[in-house]
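Please read the following with the chain open in a viewer. The text begins at one loop and works outward from there.

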Amino acid sequence: MKTSIVIAIALITCIASTASFAADQSSTGNAVKAEASQNSGIKTFTILYSNAKNIAPNTFTVNAGARVRLEVNPLDTATGCMNTIMVPGLWDKPEPIIKGKKIVMEFTPKRPGSYKITCAMGVNRGVIVVK
Ligand SMILES: [Cu+2]
């Protein structure tokens, strides 16, 4: 009984975060497209995390079969339901977002498609488009 209440509260928090994320996106129109640096065949993206702006940039385009490296630099420690980051289907291990502790997610996408960048509970915070 108690567990289900805790889960319900966590879900509500998640939904609230999504709503504010969506509002941020539309009000500022700032779906920032990422520039990659190409090093030794690995397409590397440098990403900043802050509690105010979530991840920036948050929209990435990559090629199927090509190695990709995401480097997330947390300026803040994320709290609540958004305290982890993952890319379901490409990076399935939720990584904790801790101020000053760089997160590296390196993978080779195999199938074209749109992959959401999320927290461990699946709340959207960006997208990786695989062509
Ligand atoms: Cu969450």
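Pro-57 sits in the loop that links strand 3, residues 54–56, to strand 4. The model is a predicted one, and what follows describes that prediction. The peptide bond leading into this proline, from Ala-56 to Pro-57, is cis, with omega near -5°. Pro-57 counts as partly exposed because it has 16 C-beta neighbours inside 10 Å, and a residue needs 20 or more to be called buried. Although Pro-57 and Val-127 are 70 residues apart in sequence, their C-alpha atoms are 9.9 Å apart in space.

On the other side of the cis bond is Ala-56, which belongs to strand 3. Ala-56 has 15 C-beta neighbours inside 10 Å and so is also classed as partly exposed. From the C-alpha of Ala-56 to that of Lys-33 the distance is 8.8 Å, with their positions 23 residues apart in sequence. Strand 3 also contains Asn-54. The phi angle of Asn-54 is near 60°, a positive value in a residue that is not glycine. Asn-54 is buried, because 22 other C-beta atoms lie within 10 Å.

Beyond the proline comes strand 4, which covers residues 59–62. Which of its side chains point to the buried face? Phe-60 and Val-62 share one face and are buried, while Thr-59 and Thr-61 point to the other face and are not. Strand 4 runs parallel to strand 10, and four bridges join the two. Within this pairing, Thr-59 stands opposite Val-127 of strand 10. Val-127 is thus the partner of Thr-59 and also the residue whose C-alpha lies 9.9 Å from that of Pro-57.

Val-62 leads into the interior. Leaving aside residues up to four places away in sequence, Val-62 touches Lys-43, Val-68, Pro-109, Ile-128 and Val-130. Val-62 is also one of the residues with the most contacts inside the largest nonpolar core, together with Ile-85, Val-87, Ile-117 and Ile-128. That core has 19 residues. At least two of its residues come from each of strand 2 (42–50), strand 4, strand 5 (68–74), strand 6 (84–87) and strand 10 (124–130). Strand 6 gives the most, with three residues.

After strand 4 the chain passes through a loop to strand 5, and Ala-66 lies in that loop. Ala-66 is partly exposed, because 14 other C-beta atoms lie within 10 Å. Its contacts, again apart from residues up to four places away in sequence, are with Lys-43 and Thr-108. The C-alpha atoms of Ala-66 and Pro-109 are separated by 6.9 Å, although the two residues are 43 apart along the chain. Lys-43 and Pro-109 also appear among the residues that Val-62 touches.

Strand 6 has a partner of its own. It pairs with strand 7, residues 91–96, in the antiparallel sense over three bridges. In this pairing Thr-84 stands opposite Pro-96, and Ile-85 stands opposite Glu-95. The two strands form a hairpin with three residues between them, and Gly-89 in the turn has a positive phi of about 95°. Ile-85 therefore has two roles to note here, facing Glu-95 across the hairpin and ranking with the residues that have the most contacts in the 19-residue core, where a core is made of buried nonpolar residues joined through C-beta atoms within 7 Å.

These details can now be placed in the whole chain. It has one helix and 10 strands, and the helix precedes the strands in sequence. Of the 131 residues, 19% are buried. Among contacts with a separation of 6 or more, 64% are between residues 24 or more positions apart.

How confident is the prediction, and what is the mean pLDDT of the chain? The mean is 84, and 75% of the residues reach 70 or more. Over residues 19–29, however, pLDDT stays under 50, and the model has four contacts beyond four places in sequence for that stretch. Where pLDDT is low, the predicted coordinates should not be read in detail.

Methods. Residues are numbered from 1 along each chain as its sequence is written. This is a predicted model: local features need pLDDT of at least 70, side-chain atom pairs count only at pLDDT 80 or more; totals for chains, interfaces and linings use all residues. A residue is buried if 20 or more other C-beta atoms lie within 10 Å of its own, exposed if 12 or fewer, and partly exposed in between; C-beta atoms are placed from the backbone. Two residues are in contact if their C-beta atoms, placed from the backbone, lie within 7 Å. pLDDT is the predictor's confidence in each residue, from 0 to 100. Two strands pair if DSSP finds at least two bridges between them.
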